Amino acid sequence: MSDFNLPTELVSALRLARHVVALTGAGISAESGLPTFRDAMTGLWAQYRPEELATPEAFQRNPKLVWEWYAWRRQLVEAAAPNPAHHALAALERLVPRLTLITQNVDSLHQLAGSSAVIELHGNIRRTRCFANGHPAETWDESKAVPPRCTICGSPLRPGVVWFGERLPEEALNNAIEASATCDFFFSIGTSGMVEPAASLPQVALKFGATVIFINLDVEDKTTPPLFRLNGKAGTLLPALVAAAWPDDGEVEG
Ligand code: APR
């Protein structure tokens with residue numbers, strides 16, 4: 001863990017933080033074997049653009065195609081396990097006075113790693129509801145229709161995620177903005193920052209005086225306090241950073 005050249009200002013800002021916010025995206029789950037959103041458009045699905053699969057209009061146009069794409073992704077999620085980055089955030093929750101975890105991911109890997117009270121901005125792929133009325137469905141029968149139908153109203157079932165063009169859950173979004181405006185340390189981890197409103201949260205944190213760090217494969221290393229960018233894998237950098245800030249805490253090492 002000591003191999004990393006982590007900026008000392010960064011390590012001490014984390015150590016002294018009273019309220020840490022972590023915003024995560026698909027990149028944090030990449031090392032669990034889940035393709036990031038853009039990487040997912042490969043292989044069988046390469047011919048489609050995300051907007052053709054992840055919008056209400058796409059579902060209305062071709063519900064079978066959209067259902068099958070999510071069935072494939074659900075299978076991947078069910079086979080995946082949290083990686084060291086998820087575990088480092090779960091450990092961090094026990095080390096700082098307050099941690100707010102905001103995710104754009106729909107895979108439950110933070111919860112499986114032991115993080116509590118995760119704010120899910122984009123829903124959860126393990127939940128299913130009907131398209132017309134949002135009736136939740138726990139089980140379904142695909143032998144008669146794909147997508148299967150709601151047993152209450154007959155509307156087709158859809159994944160419990162937020163599609164492009166849909167509103168984010170209001171309470172989750174408000175809590176995310178409030179936490180970003182009041183934290184003193186903000187992590188952005190494994191997100192390309194291309195999708196609003198999550199993309200603006202680091203700017204909110206910066207504006208209100210927090211130290212902000214981006215951990216991503218697409219960034220150049222840069223130390224310009226209070227803004228830091230670290231290029232590398234979340235599963236390596238996050239445990240290293242937490243271990244550097246709490247060197248006596250064995251929980252996050254190795
Ligand atoms: N460690 C850190 N970062 C990584 C890793 C890794 N091991 N692997 C990939 N990344 C980075 C990539 O460099 C990229 O910048 O994670 C980012 C993933 O970007 P996207 O695929 O765009 O995922 P995300 O930002 O979560 O997408 C936001 O868009 O498609 C919608 O609703 C969907 O929640 C998703 C949202």
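Alanine 117 sits in the loop between α7 and β3 (119–120) of this predicted model. This residue has a positive phi of about 50 degrees although it is not a glycine. Is alanine 117 buried or exposed? Its relative accessibility is 70%, so it counts as exposed.

Serine 108 makes a good companion to look at next. Its place is in the loop between β2 and α7 (109–113). Here too phi is positive in a residue other than glycine, with a value near 65 degrees. Serine 108, however, is buried, with a relative accessible area of 11%.

**Two cis peptide bonds**

Loops also hold the cis peptide bonds described here. One of them joins glutamate 196 and proline 197, and its omega is about 0 degrees. Proline 197 belongs to the loop between β7 and α9 (201–207). Another runs from proline 225 to proline 226, where omega is near 10 degrees. You can find proline 226 in the loop between β9 (222–224) and β10.

**The nonpolar cores**

Now let us turn to the interior. The largest nonpolar core has 32 residues, and those with the most contacts inside it are Leu14, Val20, Leu92, Phe187, Ile213 and Leu238. Several helices and strands each supply at least two residues of this core: the helices α1 (8–16), α6 (84–95) and α10 (234–245), along with the strands β1 (19–24), β2 (98–103), β7 (185–189), β8 (211–216) and β10 (227–231). Which element gives the largest share of this core? That is α10, with seven residues.

Apart from this core lies another one, of 20 residues, which includes Leu23, Ile119, Phe186 and Ala210. As background, nonpolar side chains in soluble globular proteins tend to be buried together.

For a view from inside the largest core, try valine 20. Leaving aside neighbours within four places in sequence, valine 20 is in contact with Leu14, Leu92, Val96, Arg98, Leu99, Thr100, Asp184, Phe185 and Phe187.

**How α6 and α10 pack**

Two of the helices that supply the largest core, α6 and α10, also meet each other. Their axes come within 7 Å and cross at roughly 25 degrees. Angles under 35 degrees count as roughly parallel, and therefore α6 and α10 are roughly parallel to each other. The crossing of the two helices is left-handed. On the α6 side, Pro84, Ala85, Ala88, Leu89, Leu92 and Leu95 take part, and they meet Ala234, Gly235, Leu238, Pro239 and Val242 in α10.

**Buried polar side chains**

Arginine 158 lies in strand β6 (residues 157–161). Is this arginine buried or exposed? At 3% relative accessibility, arginine 158 counts as buried. Not counting neighbours within four places in sequence, arginine 158 is in contact with Phe59, Trp67, Thr128, Arg129, Cys130, Phe131, Trp163 and Glu166.

Serine 32 offers a second case, this time in the loop between α2 and α3. With 15% relative accessibility, serine 32 counts as buried. Beyond residues up to four places away in sequence, serine 32 touches Ala80, Ala81, Pro82, Asn83, His86 and Leu109.

The polar partners of these side chains are set out below.

| Side chain | Partner | Distance |
|---|---|---|
| Arginine 158 | Backbone oxygen of valine 161 | 2.6 Å |
| Arginine 158 | Side chain of glutamate 166 | 2.8 Å |
| Serine 32 | Backbone oxygen of alanine 81 | 2.7 Å |
| Serine 32 | Side chain of asparagine 83 | 3.0 Å |

**Phenylalanine 37**

One last stop is phenylalanine 37, in the loop between α2 (27–30) and α3 (50–53). This aromatic residue is buried, with a relative accessible area of 18%. Which residues does phenylalanine 37 contact, leaving aside its neighbours within four places in sequence? They are Ala26, Pro50, Ala54, Trp69, Arg73 and Phe164. As for alanine 145, which is 108 residues apart from phenylalanine 37 along the chain, the C-alpha atoms of the two are separated by 27 Å.

Key:
Residues are numbered from 1 along each chain as its sequence is written. This is a predicted model: local features need pLDDT of at least 70, side-chain atom pairs count only at pLDDT 80 or more; totals for chains, interfaces and linings use all residues. Side-chain values use heavy atoms; hydrogens and water are left out. A nonpolar core is a set of buried Ala, Val, Leu, Ile, Met, Phe, Trp, Tyr and Cys residues joined through side-chain atoms within 4.5 Å. Buried means under 20% relative accessible area, exposed over 50%, partly exposed in between (1.4 Å probe, protein chains only). Helices (H or I, at least four residues) and strands (E, at least two) are DSSP runs, numbered from the N terminus. Contact means heavy atoms within 4.5 Å. A polar contact is a pair of N or O atoms within 3.5 Å; within protein, one must be able to donate a hydrogen and the other to accept it, and residues adjacent in sequence count only if both atoms are side-chain atoms. Axes are lines fitted to C-alpha atoms, for helices over the stretch in contact, and angles run from 0 to 180 degrees between N-to-C directions. Angles under 35 degrees count as roughly parallel, over 145 as roughly antiparallel, 65 to 115 as roughly perpendicular and the rest as oblique. A crossing is left-handed if the near helix is turned anticlockwise from the far one by less than a right angle, and right-handed if clockwise.
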